[in-house]
Amino acid sequence: EGADEPPALTDGIHLVVDALKLNDVETLYGVVGIPITDLARLAQASGIRYIGFRHESDAGHAAAAAGFLTQKPGICLTVSAPGFLNGLVALANATTNCFPMVQISGSSEQHLVDLQRGDYEEMDQLAAARPFVKAAYRVHRAEDIGRGIARAIRTAVSGRPGGVYLDIPAAVLGEVIDAEQGAESLWRLVDPAPRQVPQAEAVDRAIDLLAGAERPLVVLGKGAAYSQADEQIREFVETTGIPYLPMSMAKGLLPDDHPQSASTARSLALRRADVVMLVGARLNWLLGHGEAPQWNPQATFIQVDIAATEMDSNQPIAAPLVGDVASVMEALAERSKPGRINAPAAWREELAERSAQNVAKMAGRLKAAETAQPMKFLGALQAIRDVLHENPRAYVVNEGANALDLARNTIGMQVPRHRLDSGTWGVMGIGMGYAIAAAVETGDPVVAIEGDSAFGFSGMEIEAICRYDLPIVTVVLNNSGVYRGDDPSASDDPAPTALKARHDLMIQAFGGKGYQATTPAEVATALREALASGRPALIDCVIDPTDGTESGNIAHLNPKGITVQR
Ligand code: ADP
């Protein structure tokens, strides 16, 4: 630099990109518009991959899934007010699921917003975000951008992971400062998610309970999957012989056909277990809050969780093990002498017997579905199961009501973290976002198994899938309705639950391959061909409109008042 040359300058947009790069952010998921379009352009030009969506919820869900898969916060970029609110749905869902994610949103002029003078896309986004997220921060000066991004990443990924909102007003993105001062304001995080080691006494307390158990049970949740402690978990389960139940996103931590899996004797396992160790799984509605009669009222609970406040949220926790799953499992292995914990053979046999009975009962239903016409959910799903078996690296995304319940039980997982689904809220709309993230983050093929209703929430993203030419096959289980397609209507309009679409024709508009399948054999042929091509495809499976039940497995959650005419 010559003495008379003006000092080099930078601005807020450059500082955001520099701070993200400094912290190894490789991908942004977003929807552009005022005031973040140039931010996306600059990120792309600087070597960060930018994946552009058609709706911010989908971009957000993609960022959340990326966080779950990589243990690095997925970053979602949104515009002010409506774009921000659309993204907030995903950020709240990520927080609920304990996935690390940061939503960075542009916002309008603070001096106008705060006096409610009616600015373009006026909204107090910081206040709006706060109730739904782990933390919400706003940057007011370009020199604080590095601090804001460091703080957002640290908060999202450390302790119990969750969603963080980072508000960067348009004026800050455009603020020009001295380049050297700007560079000095950025930093790289050291150890963003430190290990959390449990106390020795707490570990011994849990070991004593497990050693004395007659009918011990391990429940693996998506926190266990997230922690990537696959070896430690397998080692613990196999050396102790304790039967285990995987929650849906923990399927594949151990292969689903593992002899210690109690999945096919689930009700019995919950009703009879006397000592239960929860590993990265909450005793929430998905586990009936740990209450009788679903659970043994005398059951004693051990809970492994990184969040101390999760303990005692539903049942007394006799042995809280606060720490990260990997550290806790290692401590359990270190502090229990070989053979100290040993699941009694009688209990294992009891479960195995019930499993065999249940599998035999199910076999008849599966067999009947193989040839049923019109095709049943279970007909299509068995075909998908067989093709997936030939493609163990494929990620499975799954949402719907019946499409979720039946696919979860029919399709076994062989590999950890390869199943992404509706999660803690039992939400619809995650499908295409999760599928895109799985493909982008791993490069592996993805099969999204979608109810026709669930698919509709994010269906437009098949355009993004085609635009980026991602190896995603979307399989729509189309029974022409929400829950079922045969509800009578009480007026001249279609029934509230009715739907009608040829989804296979949609993808053709974007250059993808569409299939319609009316038999399990057609489903299998189409899925095989689509996976072999490695390119975007959609298989619309014509399912019997009378197949399916109201709300799937969770019909009991519908309020019961005076019977509604149907
Ligand atoms: P599922 O729905 O599969 O039962 P949940 O989402 O209810 O699982 O539970 C996940 C739990 O895992 C949360 O309570 C969360 O705090 C915890 N968790 C997340 N990451 C870790 C980790 N690395 N170590 C320990 N616990 C974790």
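Among contacts in the protein between residues at least 6 apart in sequence, what percentage join residues at least 24 apart? The share is 76%. Keep that in mind as you browse the views below, which come from a predicted model.

**View 1. The whole protein, with its 22 helices and 19 strands.** Along the principal axes, the C-alpha atoms fill a box of roughly 85 × 65 × 50 Å. The radius of gyration is 25 Å, which agrees with the value near 24 Å for a compact globule of 566 residues. Buried residues make up 52% of the 566.

**View 2. The shell around the ligand, made of 24 residues.** Start with Gly221, Gly223, Ser227, Met247 and Arg282, which come nearest to the ligand. By type, the shell holds eleven nonpolar, seven polar and six charged residues. Helix H11, spanning residues 222-226, gives the most to this shell, with three residues.

**View 3. Helix H14, residues 325-335, and its buried residues.** Look here for Val325, Ser327, Val328, Met329, Glu330, Ala331 and Leu332, each of them buried. A handy reminder while you trace the helix: an α-helix has 3.6 residues a turn, so residues three or four places apart point the same way.

**View 4. What covers the buried residues of H14.** The cover includes helices H10 (200-211), H11 and H12 (230-240). It also includes the strands S11 (275-279), S12 (300-305) and S13 (317-322). You have met H11 already: this helix contributes three residues to the shell around the ligand, and here H11 is part of what covers the buried residues of H14.

Technical notes:
Residues numbered from 1 in each chain as written. Predicted model: local features only at pLDDT ≥ 70, side-chain atom pairs only at ≥ 80, totals over all residues. Helix = DSSP H or I, 4+ residues; strand = E, 2+ residues; numbered from the N terminus. Rg over C-alpha atoms; globule rule 2.2 N^0.38 Å. Buried ≥ 20, exposed ≤ 12 C-beta atoms within 10 Å, placed from the backbone. Contact = placed C-beta atoms within 7 Å. Near = placed C-beta within 6 Å. Nonpolar A, V, L, I, M, F, W, Y, C, P; charged D, E, K, R; others polar.
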